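Colleague: I have not worked with this one before, so could you walk me through it a piece at a time?
Modeller: Gladly; just ask as you go.

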Amino acid sequence: MEEQLVLFKFDRTEHKDIDFSKSIVYKKFGLAKLNNIKTLNTAPTDKLWDTFRKTAYFIYQNREWTWSDCLNAATYLYPFLGFEQNSQCKYPLDKLWAKSSESVDKVKIQKLGLLAGRYSTYNYVIHIILNEYDGRTHYLVLTDDRIKLANSGTIYNYRGTRYDFTYISKGMLLGFSKLVENLIENYRKDNHGINQRTFFKTIEGLLSGKRSLSYMSLEHFVEDTSWITDKAFSLAKTFAENTGHSFDGFNDGIKTKDFVRAYLSKNYSEILMQKHENNMIVITRTERWRKHTNLQAPLINAMYRSPLQKDFLDLQIDDDVNVSIFHQAEKAIEGWLKVLPKLNVKPVLRFKNLPKKQGLYLSESNQIILDLRSKPLSSAKSESGINYFVHEYGHFIDYQYSHEPLSMLGDFNKIWQSVGSYVVKKMKIKNQSNLLIPTEVFARCFELYLFNAMQDTSLKLLRKYYELPEYVAIRKSTMSEVIDYFDRLFPTWKRALKKTKHNKISA
């Protein structure tokens, strides 16, 4: 059905030199690119329903689709699309609702009266075939007009005597299918204590239009749970005990909201991380990046005689680095290495003039790269690249401490969420995702912990830790949690830092 493929014509800009097949976001959702990340940005007024929809549409925009994907999505999502609103199935996630789906030809579409549809003309209709026939014929009507569906939300459902119609944006259908599938997979393997039927109804509400009963149920039992106070909980429990009714599931709405929000938050952090790593890969694939030849004698001598050789797996200097500035950096880094925590592995340290950045950490090759030239921090101040050593060392700790980045593990995720909440609610920033890349948040926290623990007044004068928004967000939202986190991660580090006096240490 080649004509159906016009459904999927949109921008397909992608990094052809990046292999996505090993990435988490590819394994979870099949994402082959990561465009328009800013569409995932949240607003203070966003509810779970909004975030879920944004994530689904992002998935749709960033992978390849075929008409078969539409048919499979219709079959899989059938029970969540308003067709089974009154179902009393006790274990709805375990039931095989639909057998298959098939395309409806244009002649049948015309007979159904869909050529003059509710919102626009519909050329794409799917007939969903149930595993057990229920006396109705179920049609899923695809539309490309998301704007005209805005009044009702994501989907619009119509129930007749012999027919059921659900109208849905093709993008939401496809995005929802991958998102719901992975969400349910996480639900099945997580010990959360959420009733299966409650979870099923929550998914139905997240996919539903704003005028539906499913959405109103979501609003009352999941989105707004302020009415579930300790007093209400106690009264409900007493009533259940006195009447012999089951008390299970009374606070499932709260647990479900926390579970789904944490799940979406983790997806967002994984997407930001992958985008960050892709950007690093693109930088290292340029011809300029590979330049590392024709070193002059002074640089060669400086490199091989450097005391830093013992602290790093390899020490590299590009031919455009100033020798005298290198020696200044060498002395500063020696000082930092006396107080920084060590791991069983050593990074590569490379000095190189970078086009836009002052420092980089490349996780694939375990390299810290510094540009030693002074560059503007703001309109009035400049800062040397050596001031970024601790930040890049924080990335090294993040990626090399464990089998996966610390910034992606549960303990740090609480800090990341606190920073994210502060950025969304308190800071007016267009590209908020730039402040929320997990490994960048981790490295900034690493810096702030170090300077807080050293009690060196000269460090308190470092301008960036008090004026740049990415550091302000951490200090204002979660600094006590940051201190507690690194105290637990490196128990003896704080005591060693308090004994250290390093008046000329740079950030």
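Colleague: Where does Asn36 lie?
Modeller: Asn36 lies in the loop between helix 1 (24-29) and helix 2 (48-61), where helices (H or I, at least four residues) and strands (E, at least two) are DSSP runs, numbered from the N terminus. Please keep in mind that this is a predicted model, in which local features need pLDDT of at least 70 and side-chain atom pairs count only at pLDDT 80 or more, while totals for chains, interfaces and linings use all residues. Residues are numbered from 1 along each chain as its sequence is written, and side-chain values use heavy atoms, with hydrogens and water left out.

Colleague: And what is the phi of Asn36?
Modeller: Asn36 has a positive phi of about 60°, although it is not a glycine. Most residues other than glycine have a negative phi.

Colleague: Which residue of that loop is buried, and how far is it from Asn62?
Modeller: Ile37 is found in the loop between helix 1 and helix 2, and it is buried, with a relative accessible area of 10%. Buried means under 20% relative accessible area, exposed over 50% and partly exposed in between, with a 1.4 Å probe and protein chains only. On that scale Asn36, at 41% relative accessibility, counts as partly exposed. As for Asn62, Ile37 is 25 residues apart from it in sequence and 10.0 Å apart from it in space, C-alpha to C-alpha.

Colleague: Switching to the strands, what is the order in the open sheet of four?
Modeller: The order is 6-7-9-8, with mixed pairing, where two strands pair if DSSP finds at least two bridges between them. At the edges are strand 6 (314-317) and strand 8 (359-362), each of which pairs on one side only. Neighbouring strands of this sheet are turned by 15° against each other on average, direction ignored; the axes are lines fitted to C-alpha atoms, for helices over the stretch in contact, and angles run from 0 to 180 degrees between N-to-C directions.

Colleague: Which way do the neighbours run, parallel or antiparallel?
Modeller: Strand 6 runs parallel to strand 7 (residues 348-351), joined by four bridges, and one of the partnerships there is Asp314 with Val348. Strand 7 and strand 9 also pair in the parallel sense over four bridges, with Leu349 having Ile368 as its bridge partner in strand 9. Strand 8 and strand 9, by contrast, run antiparallel and are joined by four bridges; there Leu362 has Gln367 as its bridge partner, and Tyr361 stands opposite Ile368.

Colleague: What covers strand 8, and how does strand 9 point its residues?
Modeller: Both faces of strand 8 are covered, since Gly359 and Tyr361 on one side and Leu360 and Leu362 on the other are all buried. In strand 9, Gln367 and Ile369 point one way and Ile368 and Leu370 the other way, and all are buried. In a regular strand the side chains alternate between the two faces of the sheet.

Colleague: What sits between strand 8 and strand 9?
Modeller: The hairpin of those two strands has four residues between the strands, and Asn366 takes a positive phi near 55° there. Asn366 lies in the loop between strand 8 and strand 9 (367-370) and is buried, with a relative accessible area of 11%.

Colleague: On to helix 13, how many of its residues are buried?
Modeller: Of the 12 residues of helix 13, 11 are buried, so it is largely enclosed by the rest of the structure. The buried ones include Phe389, His391, Glu392 and Asp398. Helix 13 (residues 389-400) reaches 16 Å from its first C-alpha to its last, close to the 16 Å expected at 1.5 Å a residue, the expected span being 1.5 Å times one less than the number of residues.

Colleague: How many aromatic pairs does a search find?
Modeller: A search of the whole structure finds 31 aromatic pairs. The rings of Phe490 and Trp493, for example, have their centres 5.7 Å apart and their planes at 80°, so that pair is edge-to-face. Rings of Phe, Tyr and Trp (its six-membered ring) pair if their centres lie within 6.5 Å, with planes under 30 degrees apart counted as stacked, over 60 as edge-to-face and the rest as tilted. Phe490 is buried at a relative accessible area of 10%, and Trp493 is buried at 5%.
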